[in-house]
Amino acid sequence: MIEVRELTKSFGAVKAVDHVSFTVNKGEILGFLGPNGAGKTTTMRILTGFMPATSGTARIAGFDVFEQSLDVRRRIGYLPENPPLYTDMTVVEYLDFVARIKDVPPEKRAARVDDALQKTNITDKRNEIIKRLSRGYKQRVGLAQAMVHDPEVIILDEPTVGLDPKQIIEVRHLIKSLAGTHTIVLSSHILPEVSMTCDRVVIINKGRIAAVDTPQNLMAQTRGGERVRLEIAGSEAQVREALGDIAGLHMSSTEAIGSSGRVAVTVETAPGKDLRGEIAARIVGRGLGLYELRGASLSLEEIFLELTTEDPAHKPAA
């Protein structure tokens, strides 16, 4: 549904987007992650026809973004970081206006507006003047305008900005409900939101793609992806003596648990190598109490920091 090849955008000597390539399948939700200034918003603006690229190609629903811009715009809904609202209009007037400029047939406009109001849970605000709404409700109106013409592709730049926790959950459920019938690209700094909402994740840093995969695969394949966390009755020295010569095992952290005589230990192994049985046998064989042993992967937040942080002091412990 979306195909991006070697997309580049330069501002003078600075490359905001540097030979970016990725695809999005029909009905998929793609998360777009990166620190501030990474190139996320620039990429979205290019895909939506808001600005031209310096080089490269982008196609949406088979249409070239640069050569067939009007055909592309008919097939996308876009919510920029700051919603494009006409605040002197009522909510329903504004959505009807958007439906008109998006060429929704007259006989379908009222139904499309009602559907967008219902999906974003703002039906009770339909006759409110937009400037009188809270920021959270304005964000919902922005979401409604992105979907009022029932587009094939919906591009959302930080869609939960300004929403309270309850509203964030509602928007998350809304986005997931749109998958399958719509293709969605979602930019967000809220990492749990991405891991719970998106089918795949693109991590971008300094204008270049750092990783593309499912959240689950990223957690499993990134360095240190196989971890085991333990709680053991004994000293750090005893634990190191018991586990120190296991091939392929690295003890990354130990921490005493108060005055209980126990230590919390995290060990790492090569991806795909399961040493839990050998670890348990060593601990028990030394007469130490094993209170907990569980596998744990890197979180999406740790992966994000590992791929986008250059300062070793701010990287996850290895």
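This is a short chat about a sheet and some aromatic contacts in a predicted model.

Student: Before we start, what counts in this predicted model?
Tutor: Local features need pLDDT of at least 70 and side-chain atom pairs 80 or more, while totals for chains, interfaces and linings use all residues. Residues are numbered from 1 along each chain as its sequence is written, and side-chain values use heavy atoms, leaving out hydrogens and water.

Student: OK, what's the strand order in the open sheet?
Tutor: The order is β6-β7-β8-β3-β9-β10, 6 strands with mixed pairing. Strands are DSSP runs of E, at least two residues, numbered from the N terminus, and two strands pair if DSSP finds at least two bridges between them.

Student: And which strands stand at the edges?
Tutor: β6 (76–79) and β10 (208–213); each has a single partner strand, so one side of each lacks a neighbour in the sheet.

Student: In which sense do β6 and β7 pair?
Tutor: Parallel, over 4 bridges, with β7 covering residues 153–157. Leu156 in β7 is the bridge partner of Leu79.

Student: Switching topic, how many aromatic pairs are there?
Tutor: There are 3; rings of Phe, Tyr and Trp (its six-membered ring) pair if their centres lie within 6.5 Å, with planes under 30 degrees apart stacked, over 60 edge-to-face and the rest tilted. In one of them, Phe22 and Phe32 have ring centres 5.5 Å apart and planes at 50°, so that pair is tilted.

Student: Are those two buried or exposed?
Tutor: Phe22 and Phe32 are both buried, meaning under 20% relative accessible area (exposed is over 50%, partly exposed in between; 1.4 Å probe, protein chains only).

Student: What about Tyr86, where does its accessible area fall?
Tutor: Tyr86 is partly exposed at 48%, whereas Tyr94 is buried at 2%.
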